[in-house]
Amino acid sequence: MCTISKNLFIMPTFETQQTGCPNCGNSVTMVEAIKPQMECPFCHQHVTAPEVQQLQLTDGERMVRFATSKGDFTKQVVKKLTETAFVPTDIFNTIAPEKMHRAYVPMYVYEGTFTTNWTCKVQQEEVDVEGKKRLEYVPADGKTSGHFFFLLCAHDGKDIPAELVQFVESIPYKSSDFVPFNNEIITGAGNHDVYTWQQNADADGQFRKRGAAILKKQAEQAARTQLQDQKFRGLKTDYTHEFTLVGQRVMVPVWFIYYYYGNKPYYFLMDGKAIHLAQNMPEDKATSKKMKYRYMAELAMAGGSVILLPLLLHLIGKVFGASLLSSWITWLFIVGAWGYLAWRIYSVRKHKAQALQEAKTVRETAGARLLNAINSRTSSTEG
């Protein structure tokens, strides 16, 4: 069983520099030397002559290496912003290569096994003395077991945005994804632009605060999985667990960009292997509402005409003592009205599709320029 060492001062370390952002309050920690004038990667506030402190960050025990470049990250950003409907056409005016960053997030690993005992009432079909079938719920119990492996952030504080922490903790890593830690990968000459954070949270405390709830949920899900072919109610579970790893220090790679549009903050996150993404995006609400309400109005007119037009003609016929609905001319008029409104709905949908495609084309053109800018910078750097 792995135990947590409390003597952090004897652990290997690597040097970084840290400064605070006066605008958002986040601490910015970089492997390279912080410049006298810099831009916060989260709020993009320019910091002049920042107060810099030297840090000794604890080495990890294992890590996941970046398998992607800034170009790969940009492709994912461009693809998502281009293909999502109602994203503003000028969105790429606010996204620049220098706003895209990569970081290693300090995490703790928790791995082991659990055993779940459960009780509930399951539905059964009973046959009474008269041969009638009825459904009843009868007591049932069982036992199941499983393996758990999850990560929790090793940084306690507000320096890492909450959505970034949630994103990294939600990635379903496996033990095989990790390699032995090598701080040369982080501090090497080619990685001078890497951000990171202090490992300042206690592994046992993180498990008590959040990890126990994650493990409980997994144990309950194992019981539900065992019962999945049956209808049940009143499920109660009790579980025990045993650690094989608790609090192993790992470093997890992530790409991120924070940007503003219309004075509102947005973000795009990607893991170091380009498998998992998370983002929130601005929406052109004016265009979205206009198209939505126009389509709804056309649909309401069509539905109303199908029901109300024959009814109206029937009532007019009653007033004048004639059956207007028996005339083929009347029905020709009704069918013509229905056809016209159906054509209007088709036209609105076609207009919507055309407008969305035109907006997408504009975003594709702007996104292509951004990709070219990234590729040009990469080429000049390699040259």
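How many residues lie between strand 11 and strand 12 in their hairpin, and which residue in the turn has a positive phi? In this predicted model, two residues separate the strands, and the turn residue is Gly262, with a positive phi of about 60°. Strand 11 and strand 12 run antiparallel and are joined by eight bridges. Tyr261 stands opposite Lys264 in strand 12. Strand 11 also pairs with strand 6 (residues 62-63), here in the parallel sense and over two bridges. Arg62 has Val250 in strand 11 as its bridge partner.

A second hairpin can be followed nearer the start of the numbering, formed by strand 1 and strand 2 with six residues between them. In its turn, Gly25 has a positive phi of about 85°. Strand 1 (residues 13-20) runs antiparallel to strand 2, and four bridges join them. Thr19 has Val28 in strand 2 as its bridge partner. Strand 2 also pairs with strand 10 (residues 194-196), again antiparallel, over two bridges. Here Thr29 stands opposite Thr196 in strand 10.

In a regular strand, side chains alternate between the two faces of the sheet. In strand 2 (residues 27-30), Ser27 and Thr29 are on one side and Val28 and Met30 on the other. All four are buried, so both faces of the strand are covered, where buried means under 20% relative accessible area.

The next topic is the nonpolar interior. The largest nonpolar core has 35 residues, of which Val105, Leu151 and Leu164 touch the most other members. Two or more residues of this core come from each of strand 2, strand 7 (100-127), strand 8 (133-153), helix 2 (162-170), strand 11 (232-261) and strand 12 (264-271). Strand 11 gives the most, with six residues. A second, separate core has 30 residues, including Leu57, Met63, Phe66 and Leu370.

Val105 can be examined by its contacts. Leaving aside residues up to four places away in sequence, Val105 touches Cys153, Ile160, Leu164, Val168, Trp197, Val250, Met251, Val252 and Val254.

Trp197 and Met251, two of these contacts of Val105, also help to line the largest cavity. The other lining residues are Phe14, Leu57, Thr58, Pro106, Gln198 and Gln199. The lining divides into five nonpolar residues, three polar and no charged. The volume of this cavity is about 30 Å³, and the count of cavities of 30 Å³ or more comes to one.

How values were computed. Residues numbered from 1 in each chain as written. Predicted model: local features only at pLDDT ≥ 70, side-chain atom pairs only at ≥ 80, totals over all residues. Heavy atoms only, no water. 1 Å grid on protein atoms, 1.4 Å probe; cavity = no way out; pocket = protein on both sides within 12 Å on 5 of 7 lines; lining within 4 Å. Points joined across faces, edges and corners; volume = space filled by probe spheres on them. Nonpolar A, V, L, I, M, F, W, Y, C, P; charged D, E, K, R; others polar. Buried < 20%, exposed > 50% of the residue type's maximum accessible area, 1.4 Å probe, protein only. Pairing = 2+ DSSP bridges. Core = buried A, V, L, I, M, F, W, Y, C linked by side-chain atoms within 4.5 Å. Contact = heavy atoms within 4.5 Å.
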